[in-house]
Amino acid sequence: MSEKHEGFMKALKCRECGREYPLEATHVCEFDFGPLEVAYDYDRIKKSLTKAALQSRPRTMWRYRELLPVAGEPTVGTQVGFTPLVKADRLARALGIRELWIKNDTVNYPTLSFKDRVVSVALSRSRELGFDTVACASTGNLANSVAANAASAGLKAYVFIPHDLEQGKVINSLVYGANVIGIKGHYDEVNRLCAEIAGKFGWAFVNVNMRPYYAEGSKSHAYEIVEQLGWNIPQHTVVPMASGSLLTKIQKGYQELIKLGLAPETKYAVHGAQATGCSPISVAQKAGLDFFKPVKPNTIAKSLAIGTPADGFYALRVMKETGGAADDVTDDEIREGIRLLAENEGIFAETAGGVTTAVAKKLIASGKLPANDSAVLCITGNGLKTLDAVVGHVGKTREIKPSLREFEAMLASEEKVSA
Ligand SMILES: *Cc1c(COP(=O)(O)O)cnc(C)c1O
Ligand SMILES: [Zn+2]
């Protein structure tokens, strides 16, 4: 293995016992079933990934390519990332905090969610390892991104989803010609089936046997936030949690930038957001527990509906280490969160974005996120895909004949009502 060119990667390493494994399509330690994670050669990375070098690189997530687990040049999803970091002054006022930023992955390329980050890494690596078929277990956005990126890369795709997902998420997988399999069960059952299929078929399951590589793509969300803040780690980051992977990788990303001397070692907190209808991690955090209890999901935030979160334990640890908090919000609060973000910042997020915004509001109100501080909200998916969640809960179209008189009459009658 030492002679094989593996870029800046050193090995896969067990998060529990530290045993090292070759950089193959494998994800659990044989000794303790701990999850494997990519280990890097940070001394070499430090010489190559400098602020000066970054100046001439493309504005995609691949500008941090030394820290992403592909050996050669990426071949899938080369345009992903570097989404806007928006200063959200109006939303800050509405939520009662001094300074607020939105990391806006609702406009990520090509499928409008943060999953384009993880998928471009997973598929680029899958190709390096010689796979011609890719697959995933998904709550929706992952399926969309695997389907689209596999299509453009000429890979065969099988995506497995709970059968009752939003229509927008289903159509956004089918249109790319992927094999879409709806499982009559919730995500945790989809995931269990996929683990069996992955063991039997020689496919690259992006979030099963390719999970160590896949998950690393999330770090780019953190690198971009820090670079866009002038190489500063935000005091507070509020992150939606499904499996808890994104939250743990944001922490890994911040720590790597400190280690490489690209960001100062400051105090910061990473907070987690869930829907009350699927809140195993936030319930455990609020109770001060290190372990979560699995739940059966029942929430409009389907993209976050994972009752047995694979990285829940590690997410709890990150919140504890950084002094972060978690909270959860009801379906009505999620819709209100979507509206707050849309009406104040002109950003239409999916239900997960409503969760993050509404949880931030709660954390600010309770003082867990101090009103005098600065925070970044990770807004991870686009509202056009979850119209089902807001239909009937937004304003109503007023219909009139194409006549100026009718329009004036309408305005006058409304004035009378509001007077
Ligand atoms: C997948 C997903 C997340 C977070 O997922 P993790 O499993 O916790 O990494 C957040 N928001 C959206 C919109 C997602 O699709
Ligand atoms: Zn181990």
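## A zinc site and a four-stranded sheet

At 4% relative accessibility, Cys14 counts as buried, because buried means under 20% relative accessible area. That residue is a good starting point for a tour of this predicted model. Cys14 is one of the residues that coordinate the zinc ion (ligand 2). After the zinc site, we will visit an open sheet of four strands.

**The zinc site**

- The zinc ion (ligand 2) is held by the SG atoms of Cys14, Cys17 and Cys29, together with two OD contacts from Asp32, at 2.3 to 2.5 Å.
- Along the sequence, these donor residues follow the spacing C-x2-C-x11-C-x2-D.
- Cys14 belongs to strand S1 (residues 9-14), while Cys29 sits in the loop between strand S2 (20-21) and strand S3 (36-40), so the pair ties together parts that are 15 residues apart in sequence.
- Is Cys29 buried or exposed? With a relative accessible area of 1%, Cys29 is buried, because the cut-off for that word is under 20%.

**The open sheet**

- In what order do the four strands of the open sheet come? The order is S8-S7-S6-S9, and the pairing is parallel.
- Strand S8 (179-183) and strand S9 (204-205) form the edges, each pairing on one side only.
- Strand S6 (residues 133-137) runs parallel to S9, and two bridges join them.
- Within this part of the sheet, Val134 stands opposite Ala204 of S9.

**A helix on the sheet**

- Helix H5 (residues 141-153) packs on the sheet, where it touches S6 and strand S7 (156-162).
- The direction of helix H5 makes about 170 degrees with that of S6.

How values were computed: Residues are numbered from 1 along each chain as its sequence is written. Chains are lettered from A and ligands numbered from 1 in the order in which they are written. This is a predicted model: local features need pLDDT of at least 70, side-chain atom pairs count only at pLDDT 80 or more; totals for chains, interfaces and linings use all residues. Side-chain values use heavy atoms; hydrogens and water are left out. Donors are N, O and S atoms within 2.8 Å of the metal (3.2 Å for Na, K and Ca); water is not among the atoms, so sites may look incomplete. Buried means under 20% relative accessible area, exposed over 50%, partly exposed in between (1.4 Å probe, protein chains only). Two strands pair if DSSP finds at least two bridges between them. Contact means heavy atoms within 4.5 Å. Axes are lines fitted to C-alpha atoms, for helices over the stretch in contact, and angles run from 0 to 180 degrees between N-to-C directions.
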